[in-house]
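These are my notebook entries on one chain and its ligand, kept in the order in which I looked things up.

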Amino acid sequence: VYFLTMQRFEYVKDFEQPDVLLPNTWIVVRIDGRGFHKLSDHYAFVKPNDRRALDLMNAAAVEVMKELPDLCIAYGVSDEYSFVFHPSCQLFERRSAKLVTTIVSTFTAHYIYLWSTYFPSKPLQPPYLPSFDGRAVIYPSTRLLRDYMSWRQVDCHINNLYNTTFWTMVQQGGLSNTDAEQELKGTVSADKNEILFKRFGINYNNEEEIYKKGSVLYRQYELEEPKQKPAAQDEVSPPEAKQSRSQQDKLKKLRRKAQVIVDHIDIIKDDFWERRPWIIS
Ligand code: ATP
Ligand code: ATP
Ligand code: MG
Ligand code: MG
Ligand code: MG
Ligand code: MG
Ligand code: MG
């Protein structure tokens with residue numbers, strides 16, 4: 001009877017839409033906090049940059065990197081994080097929904113689990129519970145991936161310069177939110193730098209790197225034997241499509257063991273990528 005029941009109902013499976021992402025392309029899963037403007041008000045995040053909140057985002061992202069060795073780099077700013085899967089990634093047969101939901105829920109689980117470490121005096125309470133949305137986008141060339149990463153870091157810079165100026169005018173200059181907003185309307189970067197410097201003696205360049213550049217996560221490879229020469233680049237590069245199964249397994253193991261680094265560094269210029277060729281080779 002059970003067997004017949006299956007036969008009769010199984011056709012509903014055919015209503016599922018295929019969502020396999022194009023092979024051999026970079027996959028970026030970007031997640032973003034839902035309603036974090038309100039959430040940050042409720043838990044009284046420091047404006048414009050609450051260091052605890054950023055450290056918590058980074059800590060959750062590190063755990064995601066540790067759980068998913070197919071990820072080669074991640075970039076975070078504010079309430080968002082971009083996770084990058086290598087073109088050779090075959091996780092979940094590259095099904096978009098599977099990849100996105102796994103990243104979103106793994107990240108959210110760790111974010112909530114770690115919350116009390118970063119906000120010990122502010123327990124989470126409904127309805128102010130953190131949740132995240134997510135999407136997957138494919139980039140068919142390394143140039144396009146690099147431009148995507150640059151886009152996010154430029155966005156970080158522009159927003160941070162604006163927010164730093166706005167909140168300095170409000171907190172130190174005594175302006176109302178409306179007046180500060182009005183005065184900043186139509187200003188370019190040079191104007192904001194000048195307001196900060198001339199009126200408040202603040203050199204924007206001296207602001208903390210984590211606020212100006214966001215956070216970059218990647219794996220740091222080091223040979224275990226301290227006496228050996230540093231690993232040659234091709235020894236540690238991620239699996240290529242052509243590599244054999246055992247080679248791939250070996251590299252996967254290496255990735256799993258590698259330490260995940262949290263850095264606040266320029267990823268727009270070539271320097272970052274040229275010095276760490278294993279990240280996107
Ligand atoms: P949506 O659900 O559409 O994403 P949102 O309220 O989350 O809405 P975002 O554009 O994602 O809007 O902006 C996130 C907001 O969260 C920021 O504008 C800022 O107010 C707040 N925020 C996030 N991280 C921090 C932080 N580390 N320190 C202070 N405020 C933060
Ligand atoms: P995948 O990651 O592919 O989903 P999986 O191990 O989660 O792998 P599922 O097909 O989703 O496999 O099956 C979930 C399994 O979890 C069940 O087969 C069962 O072993 C276990 N499980 C789930 N809920 C319960 C429960 N309430 N009591 C006992 N076992 C459970
Ligand atoms: Mg959003
Ligand atoms: Mg948001
Ligand atoms: Mg956001
Ligand atoms: Mg199941
Ligand atoms: Mg399951």
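**Entry 1: the shell around ligand 1.** I asked which element gives the largest share of the shell around ligand 1, and I found that H2 does, with three residues. I note here that the model is predicted, so I read every value below as computed from that model. Counting the shell as a whole, I find that 15 residues surround ligand 1, and that Phe-36, His-37, Phe-45, Asp-50 and Ala-53 are the closest. The elements that contribute two or more residues are S1, helix H2 (36-42) and helix H3 (51-67). When I sort the shell by residue class, I get four nonpolar, six polar and five charged residues.

**Entry 2: the annotated positions.** I then turned to the UniProt record, an unreviewed entry, which lists Asp-32 and Asp-79 under "binding site". Why do I say that they gather at one spot? They span 48 residues in sequence, yet no two of their C-alpha atoms are more than 5.6 Å apart, so the positions do come together in one place. The unreviewed entry also places a "binding site" feature at Asp-32, Gly-33 and Asp-79.

**Entry 3: Asp-32 and Asp-79 in turn.** I located Asp-32 in strand S1, which covers residues 26-33. Is Asp-32 buried or exposed? Neither label fits, because Asp-32 has 15 C-beta neighbours inside 10 Å and therefore counts as partly exposed. Leaving out residues up to four places away in sequence, I list Asp-79, Glu-80, Phe-132 and Asp-133 as the residues that Asp-32 touches.

I found Asp-79 in the loop between strand S2 (71-77) and strand S3 (80-85). Asp-79 counts as buried, because 20 C-beta neighbours lie inside 10 Å, and the cut-off for that label is 20 or more. With neighbours within four places in sequence set aside, Asp-79 is in contact with Asp-32, Gly-33 and Phe-36. I note that Phe-36 is also among the closest residues to ligand 1.

**Entry 4: a helix pair.** Two packed helices are described by the angle between their axes and the distance between the axes. I looked up both for helix H5 (residues 142-171) and helix H7 (residues 189-200), which pack at an angle of about 35° with their axes 10 Å apart. The crossing of H5 and H7 is left-handed. On the side of H5, the contact is made by Leu-161, Tyr-162, Thr-164, Thr-165 and Thr-168, and on the side of H7 by Ser-189, Lys-192, Ile-195, Leu-196 and Phe-200. I sorted the residues of this contact by class and obtained five nonpolar, four polar and one charged.

**Entry 5: backbone exceptions.** Most residues other than glycine have a negative phi, and most peptide bonds are trans, so I searched for departures from both. A cis peptide bond joins Lys-47 and Pro-48, with omega at about 0°, and Pro-48 is found in the loop between H2 and H3. The bond from Pro-126 to Pro-127 is also cis, with omega near 5°, and Pro-127 lies in the loop between helix H4 (96-118) and strand S4 (132-139).

For phi, I noted Asn-24, which is not a glycine and yet has a positive value of about 55°. Asn-24 lies in the loop between helix H1 (2-9) and S1, and I record Asn-24 as exposed because 12 C-beta neighbours fall inside 10 Å. Glu-93, likewise not a glycine, has a positive phi of about 50°. I placed Glu-93 in the loop between S3 and H4, and with 9 other C-beta atoms within 10 Å, Glu-93 is exposed.

**Entry 6: the chain as a whole.** I closed with totals, and I count eleven helices and six strands in the chain. The C-alpha trace spans about 75 × 60 × 35 Å along its principal axes, and buried residues make up 28% of the 281 residues. What share of the contacts between residues at least 6 apart in sequence joins residues at least 24 apart? I obtained 76% for the chain.

Technical notes
Residues numbered from 1 in each chain as written. Chains lettered and ligands numbered in written order. Predicted model: local features only at pLDDT ≥ 70, side-chain atom pairs only at ≥ 80, totals over all residues. UniProt positions renumbered as here; feature names shortened; annotations may be inferred. Helix = DSSP H or I, 4+ residues; strand = E, 2+ residues; numbered from the N terminus. Contact = placed C-beta atoms within 7 Å. Near = placed C-beta within 6 Å. Nonpolar A, V, L, I, M, F, W, Y, C, P; charged D, E, K, R; others polar. Axes fitted to C-alpha atoms, helices over the stretch in contact; angles between N-to-C directions. Left-handed = near helix turned anticlockwise from the far one by under 90°.
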